[in-house]
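I opened a fresh page for this one and wanted to jot down what I looked up, in the order I looked. My plan was charged pairs, then cysteines, then the surface.

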Amino acid sequence: YALRPWPWIIVALCSLVVFPDLASLQRAFPNVAAQVVKHDLGYPAMLTFLPAGLLGLVVASLVAAYMSTISTHLNWGSSYVVNDFYKRFVRPNASEGELVLCGRIATFVLMALACYSSLFMQNAKQMFDIMILVGAGTGLLFILRWFWWRINAWSELAAMVISFVVALAMQFVVKDTLQDWQKLVSGVGITTAGWVIVTLLTKPADEAVLRRFVALVRPGGPGWAAVIARSAAAGEPQPAGAAGSDMPRAILCMLLGCVAVYGVLCATGYILYGNMALGALLLGAALAASVALVVIWRRLTFEP
């Protein structure tokens, strides 16, 4: 995460020198339609400087990356449709052959929907913005579900649906009336309020499931104290360490890790831009965070 993005970023920086504006891109590629000449053309434009052999390798790698991603998401999506919806709610006794057929139909439908939705996209940034809004909206839930026993499957379903609808609304309805950061903050707020309301209005997971989760995962923090207390009152005390006494120290390690990674990432950028002082400061912060992480990590206690 600290070093891998920089080959891409360096190419982007070079593209700003070679193609400083859209007019220069249009002059370099006069046969490309004007509506296609956008800022995201800078990367493929830089590929034209590669010799034939390297260009072929890059094209093959891009095709491989696309196929691995799209096949993963299609298989992932069809498995949701088959296992979590069709087999669970529609045909619980469906045969393996029927499930395979359902999976193939789901894969085809998902691919068709993906192709259709791409017709509404003007550039790659639009899809990236939608992914950021969806991920930011559900991110808090996916973290808090480890720390609060009350979160259930309906909470996650609500968060995914609400964040997706909000992301589409921000991209195609609100559009330019809000800045990007305002869309992000608004999306997180709306999604969070939505899944919290759904959580409080729906039943929690089965008590036996909650107690088994505590016994296996040992979640920390006060969010699981109620389950641990009920388990003890019922004569089923949880094993030592279930209360997560090391949780504050573990969270500190997480923060130190973030400082170390992003410190190196940003320091590399400032050094490339010639800002040695700030780059050295960030490298020093990253080094200090790394040392502190190693020291504190050794003091963490993980119960067997």
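**Entry 1: a pair across a loop.** I started with Glu156, which makes a salt bridge with Arg145; their closest N and O atoms sit 3.1 Å apart. I then checked where each partner lives. Glu156 is in helix H7, residues 153-174, while Arg145 is in the loop between helix H6 (124-144) and H7, so the pair ties together parts 11 residues apart in sequence. Worth noting for myself: this is a predicted model.

Next I asked how much of each partner shows. Glu156 is partly exposed, at 22% relative accessible area. Arg145 is partly exposed too, with 30% relative accessibility.

**Entry 2: how many in total?** How many salt bridges does a search of the whole structure find? I got 4.

I went on to Arg91, which pairs with Glu98 in a salt bridge, and there the closest N and O atoms are 2.9 Å apart. Arg91 comes out partly exposed, with a relative accessible area of 41%. Glu98 also counts as partly exposed, at 21% relative accessibility. The cut-off for buried is under 20%, so the 21% of Glu98 puts this residue in the partly exposed class.

**Entry 3: a network at helix H9.** Then I turned to Glu207, which forms a salt bridge with Arg211; the closest N and O atoms are 3.1 Å apart. Both residues lie in helix H9 (residues 207-217), and they are 4 residues apart, which is about one turn of the helix.

Is Arg211 buried or exposed? Arg211 is buried, I found, with a relative accessible area of 18%. Its partner Glu207 is partly exposed, at 24%. I also noted that the pair does not stand alone: Glu207, Arg211 and Arg230 are linked in a network of salt bridges.

While I was in helix H9, I looked up Val209, which lies there as well. Val209 is partly exposed at 39% relative accessibility. I followed the chain on to Asp246, 37 residues from Val209, and the C-alpha atoms of the two are separated by 24 Å.

**Entry 4: cysteines.** How many disulfides are there? The count came to 0. I wanted to know why, and took Cys102 as my case. The closest cysteine sulfur to that of Cys102 belongs to Cys115 and is 20 Å away, too far for a bond; a disulfide would need the two sulfur atoms within 2.5 Å. Cys115 is in no disulfide either, as the nearest cysteine sulfur to its own is the one in Cys102.

I checked the cover on both. Cys102 is buried, with 14% relative accessibility, whereas Cys115 is partly exposed at 41%.

**Entry 5: a greasy spot outside.** Last, I went over the surface. Which residues form a nonpolar patch there? I wrote down Trp154, Leu157, Met160, Val161, Phe164 and Val165, which together have about 600 Å² of accessible area.

I picked Val161 out of that list for another look. Val161 is found in helix H7, and this valine is partly exposed, with 46% relative accessibility. That took me back to my opening entry, since Glu156 lies in helix H7 too.

Notes
Residues are numbered from 1 along each chain as its sequence is written. This is a predicted model: local features need pLDDT of at least 70, side-chain atom pairs count only at pLDDT 80 or more; totals for chains, interfaces and linings use all residues. Side-chain values use heavy atoms; hydrogens and water are left out. A salt bridge is a side-chain nitrogen of Lys or Arg within 4 Å of a carboxyl oxygen of Asp or Glu. Buried means under 20% relative accessible area, exposed over 50%, partly exposed in between (1.4 Å probe, protein chains only). Helices (H or I, at least four residues) and strands (E, at least two) are DSSP runs, numbered from the N terminus. Patches are made of residues with over 30% relative accessible area and no salt bridge: like charges are joined within 9 Å, nonpolar side chains (Val, Leu, Ile, Met, Phe, Trp, Tyr) within 5 Å. Accessible areas come from the Shrake-Rupley method with a 1.4 Å probe; for residues, only the protein chains shown count as cover.
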